[in-house]
Amino acid sequence: QVQLVESGGGLVQVGGSLTLSCTASGIMFSIDVMGWYRQAPGKQRELVAQITSINTANYADSVKGRFTVSRANGKNTVYLQMNSLKPEDTGVYYCNAQGIRTFARPYDAWGEGTQVTVSP
């Protein structure tokens with residue numbers, strides 16, 4: 001079983017910054033992709049940013065230039081640096097990891113989520 005633990009959410013004013021982190025644990029042969037999704041009240045969960053094991057990153061258009069995703073492979077950790085935050089960035093942020101575990105079984109794991117609130 002792969003487990004993800006997130007931290008770093010909170011309340012911040014418009015224009016402020018926050019950094020989220022997420023660490024994966026469990027028996028994993030590989031972590032191919034790690035990333036962040038968010039869900040605002042009344043909306044569907046959407047991709048924010050993700051990064052592969054070779055540090056190829058992908059961002060939602062709404063966060064390009066403001067957010068940076070990075071990973072520390074030796075620590076099985078992914079980070080999301082969020083700058084110039086806007087009220088529309090408010091939501092629950094979920095960490096996601098995809099890869100291969102023992103016996104070549106794929107996994108698609110989710111964290112429990114961390115709340116980010118951007119106040120006007």
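**A strand 7–strand 8 hairpin, its sheet and the nonpolar core**

In the predicted model, strand 7 and strand 8 form a hairpin in which four residues lie between the two strands. Within the turn, Asn 76 adopts a positive phi of about 50°. The two strands run antiparallel and are joined by six bridges. Ala 72 of strand 7 stands opposite Thr 77 in strand 8, and Val 69 has Leu 80 of strand 8 as its bridge partner.

In a regular strand the side chains alternate between the two faces of the sheet. In strand 7, Phe 67, Val 69 and Arg 71 make up a covered face, whereas Thr 68, Ser 70 and Ala 72 make up an uncovered one.

The hairpin belongs to an open sheet of four strands, arranged in the order 1-3-8-7 with antiparallel pairing. Strand 1 (3–7) and strand 7 occupy the edges, each with a single partner strand, so one side of each lacks a neighbour in the sheet. On average, neighbouring strands of this sheet are turned by 15° against each other, direction ignored.

The largest nonpolar core comprises 29 residues. Trp 36, Leu 80, Met 82 and Tyr 93 are the residues with the most contacts inside this core. At least two core residues are supplied by each of strand 3 (18–25), strand 4 (30–39), strand 5 (46–52), strand 7 (67–72), strand 8 (77–82), strand 9 (91–100), strand 10 (106–110) and strand 11 (114–119). Strand 3 provides the largest share, four residues. Leu 80 thus appears both as the bridge partner of Val 69 and among the residues with the most contacts inside the core.

The surroundings of Met 82 were examined further. With neighbours within four places in sequence left aside, Met 82 is in contact with Gly 16, Ser 17, Leu 18 and Leu 20, as well as with Arg 66, Phe 67, Tyr 93 and Val 116. Among these partners, Phe 67 belongs to the covered face of strand 7, and Tyr 93 is itself one of the residues with the most contacts inside the core.

Leu 11, in strand 2 (residues 10–13), presents a separate case. Leu 11 counts as exposed because its relative accessibility is 65%, the cut-off for exposure being over 50%. Beyond its neighbours within four places in sequence, Leu 11 is in contact with Thr 117 and Ser 119. The C-alpha atoms of Leu 11 and Gln 115 are separated by 8.2 Å, although these residues are 104 residues apart along the chain.

Definitions and conventions. Residues numbered from 1 in each chain as written. Predicted model: local features only at pLDDT ≥ 70, side-chain atom pairs only at ≥ 80, totals over all residues. Heavy atoms only, no water. Core = buried A, V, L, I, M, F, W, Y, C linked by side-chain atoms within 4.5 Å. Buried < 20%, exposed > 50% of the residue type's maximum accessible area, 1.4 Å probe, protein only. Contact = heavy atoms within 4.5 Å. Pairing = 2+ DSSP bridges. Axes fitted to C-alpha atoms, helices over the stretch in contact; angles between N-to-C directions.
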